[in-house]
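Biologist: Got a minute to walk me through this model? I'd like to start with one residue and work outwards.

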Amino acid sequence: YIHVKSMLNNKCLTHSISDTMRNTTSCMVIYMYNTTLQKNGLLTLCCDRILHEVSFDKYWCARLVLDCLLAFNDPSTDRMAVAICSILAAKISTEQTAMLGAKNMYMRKLLSLVKRRIEEKAVDITLKFTLSALWNLTDESPATCVVFLAEKGLNLFLELLQTFSSDAAVETKVLGLLNNIAEVSPLRGALITKTFVEQLKLLLWSPNVDVSYFAAGIVAHLVCAGQNCWDEQAMPRDELLYQLGKVVLSWEQPKEEMVAYRSFQPFIPLLMSLHMYQVQLWAVWALHHVTTKNSKRYCSMLVKEGVDDVLQRLLQQPASNEDVRRLARKVMDVLHENGYTKDL
């Protein structure tokens with residue numbers, strides 16, 4: 001067993017570490033049912049700096065780790081596997097996350113780990129890593145979201161919210177994943193139920209801004225669903241819109257970055273919802289938050305995806321809400337400060 005972690009302190013050894021990672025994963029493939037070797041392999045991989053900094057085939061590694069999760073029913077293996085997967089799922093492409101997350105056997109196993117914690121009423125590190133892995137696997141991946149719903153993940157997550165209602169970290173991860181589902185237009189109807197909407201109304205006003213933010217994001221997407229989705233459930237859509245506008249204006253900017261986005265494409269339909277300014281308000285608040293907290297990453301992404309043009313048109317629209325215009329102007333100011341100039 002090679003002590004790779006100590007090698008990270010020497011930059012000259014980065015190439016050797018990459019080779020070691022490839023050799024480790026190759027051995028894990030060859031000796032898939034050797035418990036000791038698999039655990040040593042996971043121990044080698046289970047290091048933040050390796051997973052973040054070292055170059056190796058992260059998709060292949062994530063698939064291997066999920067296969068390992070299926071092969072062994074062991075708490076330590078579960079913990080290491082979901083920890084590795086939670087990081088790698090955010091490092092690979094959206095196409096690759098879909099190839100992993102859309103496999104029913106992987107989804108079923110991950111959800112079984114969640115179900116076990118609900119039954120035991122235990123919030124442990126394995127649950128938190130599993131929720132992070134599921135959140136990242138559903139990000140920008142409609143196919144994974146479909147499998148999540150097909151495997152009864154929604155009912156399980158609603159039960160999570162009820163069982164661990166006082167745990168903000170669990171609530172944030174659950175709502176983050178459900179926000180990914182709400183971004184997918186054809187799937188919104190599955191979320192519009194009396195049980196979930198009642199929970200959302202409470203979570204909107206959580207004292208924890210992370211929880212409130214993701215609850216509001218779900219509301220912003222769900223109110224954009226067809227009126228028939230709401231009529232069938234006799235849900236208070238207008239009341240939710242009113243509460244959404246109030247809660248966004250009540251937030252103070254948190255000191256730390258709350259969320260990471262792969263793309264701003266889901267924001268564009270929200271920004272264009274002129275008949276629902278509250279939806280626009282959440283979207284521009286979110287854009288202002290991430291561009292101020294991580295300008296280097298998000299300013300270029302925002303311009304590359306044309307969101308700045310959408311904001312510019314919004315500012316030129318006389319019918320735009322005053323608070324929306326104020327926040328949109330702040331986002332454009334951040335772009336200008338970082339060298340992205342537009343004539344307004």
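Modeller: Sure, let's start with Q199: its relative accessibility is 13%, so it counts as buried (buried means under 20% relative accessible area, exposed over 50%, partly exposed in between, with a 1.4 Å probe and protein chains only). Keep in mind that this is a predicted model, where local features need pLDDT of at least 70, side-chain atom pairs count only at pLDDT 80 or more, and totals for chains, interfaces and linings use all residues. Residues are numbered from 1 along each chain as its sequence is written, and side-chain values use heavy atoms, with hydrogens and water left out.

Biologist: Which helix is Q199 in?

Modeller: Q199 is in α14, residues 194-203. Helices here are DSSP runs of H or I with at least four residues, strands are E runs of at least two, and both are numbered from the N terminus.

Biologist: And what does Q199 touch, leaving aside neighbours within four places in sequence?

Modeller: L158, L161 and Q162 are in contact with Q199; contact means heavy atoms within 4.5 Å.

Biologist: What about F196, buried or exposed?

Modeller: Buried, with a relative accessible area of 1%. F196 also lies in α14. Beyond four places in sequence, F196 is in contact with L158, L161, L178, L191, I218 and L222.

Biologist: How far is F196 from H275 in space?

Modeller: C-alpha to C-alpha they are 25 Å apart, with their positions 79 residues apart in sequence.

Biologist: Switching topic: how many residues are in the largest nonpolar core?

Modeller: There are 121 residues in it, and L178, Y213, F264, W282 and L311 have the most contacts inside. Such a core is a set of buried Ala, Val, Leu, Ile, Met, Phe, Trp, Tyr and Cys residues joined through side-chain atoms within 4.5 Å. Helix α15, residues 209-222, gives the most to this core, with 10 residues.

Biologist: Tell me about W282. What does it touch further along the chain?

Modeller: Not counting residues up to four places away in sequence, W282 touches Y213, A216, G217, A220, H221, L244, V248, W251, Y261, F267 and L270.

Biologist: L311 was on that core list too. Why is helix α21 described as largely enclosed?

Modeller: Because 7 of the 10 residues of α21 (307-316) are buried. Those are V307, D308, V310, L311, Q312, L314 and L315. The cover over them includes α18 (267-271), α19 (277-293), α20 (295-304) and α22 (322-337).

Biologist: And G245, where is that found?

Modeller: In helix α17, residues 237-250. G245 counts as buried, at 4% relative accessibility. Leaving out residues up to four places away in sequence, G245 touches Q278 and L281.

Biologist: Now zoom out. How many helices and strands does the chain have?

Modeller: 22 helices and 0 strands. Of its 344 residues, 54% count as buried.

Biologist: What does the radius of gyration look like?

Modeller: The chain has 22 Å, which agrees with the value near 20 Å for a compact globule of 344 residues. That radius is taken over C-alpha atoms, and the globule rule is 2.2 Å times the number of residues to the power 0.38. Along its principal axes, the C-alpha trace spans about 65 × 45 × 30 Å.

Biologist: And what share of contacts comes from residues 24 or more positions apart?

Modeller: They account for 74% of the contacts with a separation of 6 or more.
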